[in-house]
Amino acid sequence: MAKNLLIVESPAKAKTINKYLGKDFQVLASYGHVRDLKPKEGAVDPERHFAMHYEIIERNEKHVDAIAKAAKLADDIYLATDLDREGEAISWHISEILKDRGLTKGKQLHRVVFSEITPKAIKAAVAAPRELSLDMVDAQQARRALDYLVGFNLSPVLWRKVQRGLSAGRVQSPALRMIVEREEEIEAFKAREYWTVEAQLRHAEGEFSAKLTRLNGKKFEQFDLTNEADAMAARAALKEAAHGRLTVSEVGSKERKRRPAPPFTTSTLQQEAARKLGFTTSRTMKVAQGLYEGVSLGSEGNVGLITYMRTDSVALSEDALGELRALIARDFGQKALPDHAQFYKAKSKNAQEAHEAIRPTSAMRTPREVAAFLNDEQRKLYELIWKRTVACQMIHATLNTVSVDFELPHAAGGPAAFRATGTTVVDPGFLAVYEEGRDQKNADDDDEGRRLPRLEKGEQVPLHEIAADQHFTEPPPRYSEASLVKALEEYGIGRPSTYASIIQVLLNREYVLLDNRRFKPTDIGRAVGKFLTQHFTRYVDYDFTAKLEDELDAVSRGEEAWVPLMQRFWQPFKQQVEEKTESVDRSEATGARELGSDPKSGKPVFVRLGRFGPYAAIGDKDSDEKLQFASLRPGQSMHTITLEEALELFKLPRKLGAAPNGDEVSVGVGRFGPFVKQGSTYASLKPEDDPYTIELPRALQLVEDKLTMLANRVILDFGNGVQVLNGRYGPYITDGEKNARIPKDQEPKELTEAQCLELLAAAPVKKGGRFGRKTAAKKEPAAKKTVVKKAATKKAPAKKTATKKTATKKTAAKKTATKKAAAKKTPA
């Protein structure tokens, strides 16, 4: 039996490290977090100095038991979880469990950390262990307690005031506010017209263009020409003054240097992977974790290819710098190498300089050499990291910008001028390897790579045309994953390791959706964001959230105690929760709007957020006995819908005519989406069908298809509830309680009752999903119609997406308590 037990977080890491340490060590994985707060109220007790009550996470009980069993037999225990604050907390939790079980008496507990999984780094870490950092543990406990208290106390307020099943979080709520406020900026934006003027010139060495820079004796500004008439008049005057040529009045040349970007931190890696590879933040972290923990390189075995991927440091070790400089000299020549290694300063106030930036564990492992051992995503991300790291130690790029001015001194209204610019690369330097991406282009981007002819002062260049072009100002863009991560980092909200989970929570809760890779808030997300911004302003305030992060960082450095921090937060927060629970009106909280009056009845038309999503209503809920309801269409928002668009919703259900057998055929929208109805048969519309424009022939075809499907659904029926049915994904067996797959080599029609019963007995208990329906006889439930309802019910018509939501979301208590910590770090 091995004398030493070393505990890491993931099995992939354990496998790699086990090979490096030999037979004296047994390496086991904790599979991420081992304990979390008990999933019930009171797990954090503010009355007892915020005492926290933990329990072992159920899915990891067997791994904890395996660690305990090995710890009992080991002489020394090495806690080698990740080197960040969460990793320190996991080590502390493991040590507490072992102490509680009496397994640490007479044994040394060592804390070891390493930023790369290489033989040298692992052996060096084991040779120089340290004590557990209780300051880092306190900071992590405070963070967990804050998240728990916010979730447990704020979520019930959202249930009462906005919609059941919602939840709020300390860090993701300010992020949601960002996305909602950007959407409001876009909606409030008013486009302005403006015109630009360009001269198109023809020179013997090639054509080029020059932009108007002076008009009527003064500098030409963006909004000097705001309509076609003025633009065309200016164009005509300039053409007349030019007489078919422009004269060079000034030639300028300026050389400038561009320096490489620093090596990757977590946030910059997430941003670049989003821009250049189209990776989500969570995908980036998952792929990076695989590269860090180890990839099989044939005869070399498992090798960690990059350093630890959760870091806000831009530092590189001396060994790494030496290897990078050797590689650059070898592959790019001495001229690509600066005189000294280049050092970068971290932007983060709490960057841990003892950590390293994200870099290859060996720069000598070029992307080409390891490509055969990596999958496509690993190859792309490794290449991105390798190139960025190599480039950061290369010489600057030298660029030359040439500007040429052309003056028209005798133009009508006053002197005018044009300017042409072009930038060429004199020495590419680091650009030969890597160039940092941008979210938006700037003015210099248009000039780069453009060469101007060799021109001299006084030279006349033939004018081909003067063009005037119309433009409109554009609203600020929605956040992409890259720009949202950048904004979170700039505001100091969250920390690099949390950005992926923040974004995932907003998507999972359906507070936002991705539209062309940009975040758009849903109506529920807007309601939550607006409610929190208006009534819990302090707790979604960017500065307050950032200050709290700084205080948590101070705790991790031992500069501040965590309990006083918690007390300062808790008292005013608790008081505000109690006050808002009583004082806020639900209609105001959900963003309900009155759009105007129905021309037919004169009654008011409202849009509100209901149990199943946004809906429109005709009538006053306080005075009218009967109201009409209609769900909003996909893509419509209660915040932007107009009166005319809302009134269109009440045209459903529509009568389309009669079927050949005399049954009335109609179309409506119900809980499961749009449908056609013929007699007692319902058929869902296809995605390409519009309930507001569908006509009778198409509706009849949908009903016929549905009846054919139902007729062919039963393959065998044994008369005792056991049936063989045709399902959406092929034939299957059901008894109404359980579903069973049919073996591939078995013909469904030839199954016997005994075979079916045997397969059902071996099948797992049905949990919905692929085999969702119980029997062939069950019909689709009738959809709710947009008909009059009593005001007392105060319910909106059911909606498809909402059904799923209410069915799958548990109480905020369970979600917050059991899932949050575990979700932050997923073992491979």
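Let's start with confidence, since this is a predicted model. In the protein, the lowest mean pLDDT, 37, belongs to strand 32 (residues 788-790), while helix 12 (residues 376-391) has the highest, at 97. Residues 768-828 have a pLDDT below 50, yet this stretch has 153 contacts in the model beyond near neighbours in sequence. A word of caution fits here: where pLDDT is low, the predicted coordinates should not be read in detail. For the protein as a whole, the mean pLDDT is 86, and 90% of the residues reach 70 or more.

With that in mind, let's turn to the interior. The largest nonpolar core has 91 residues, and F531, L532 and V676 are those with the most contacts inside it. Helix 5 (residues 134-161) supplies the largest share of this core, 12 residues. Apart from it lies another core, of 60 residues, which includes A29, V303, I306 and I358.

V676 is a good residue to display with its surroundings. Leaving aside residues up to four places away in sequence, V676 touches S666, V667, T681, Y682, A683, L685, I694, A699, L702 and V703.

Now for the aromatic rings. The count comes to 16 aromatic pairs. One of them joins Y194 and F223 in an edge-to-face arrangement, with 5.9 Å centre to centre and 75° between the planes. Because Y194 lies in strand 9 (residues 193-203) and F223 in the loop between strand 11 (218-219) and helix 7 (228-242), the pair ties together parts that are 29 residues apart in sequence. The relative accessible area of Y194 is 16%, so this residue is buried; F223, at 29%, is partly exposed.

F531, which we met among the residues with the most contacts in the largest core, also pairs with F536. Their rings are tilted, at 6.1 Å centre to centre and 55° between the planes. F531 is buried, with a relative accessible area of 1%, and F536 counts as buried at 0%. Elsewhere in the sequence, ring pairs link Y539, F544, F569, W570 and F573 into a cluster.

Finally, rings also meet charges in this model. The charged end of R182 sits over the ring of Y479, 4.3 Å from its centre. In the case of R608, the charged end sits over the ring of F606, 4.4 Å from the ring's centre.

Notes
Residues numbered from 1 in each chain as written. Predicted model: local features only at pLDDT ≥ 70, side-chain atom pairs only at ≥ 80, totals over all residues. Heavy atoms only, no water. pLDDT = per-residue confidence, 0-100. Helix = DSSP H or I, 4+ residues; strand = E, 2+ residues; numbered from the N terminus. Contact = heavy atoms within 4.5 Å. Core = buried A, V, L, I, M, F, W, Y, C linked by side-chain atoms within 4.5 Å. Buried < 20%, exposed > 50% of the residue type's maximum accessible area, 1.4 Å probe, protein only. Phe/Tyr/Trp six-rings, centres within 6.5 Å; stacked < 30°, edge-to-face > 60°. Lys NZ or Arg CZ within 6 Å of the ring centre and 35° of its normal.
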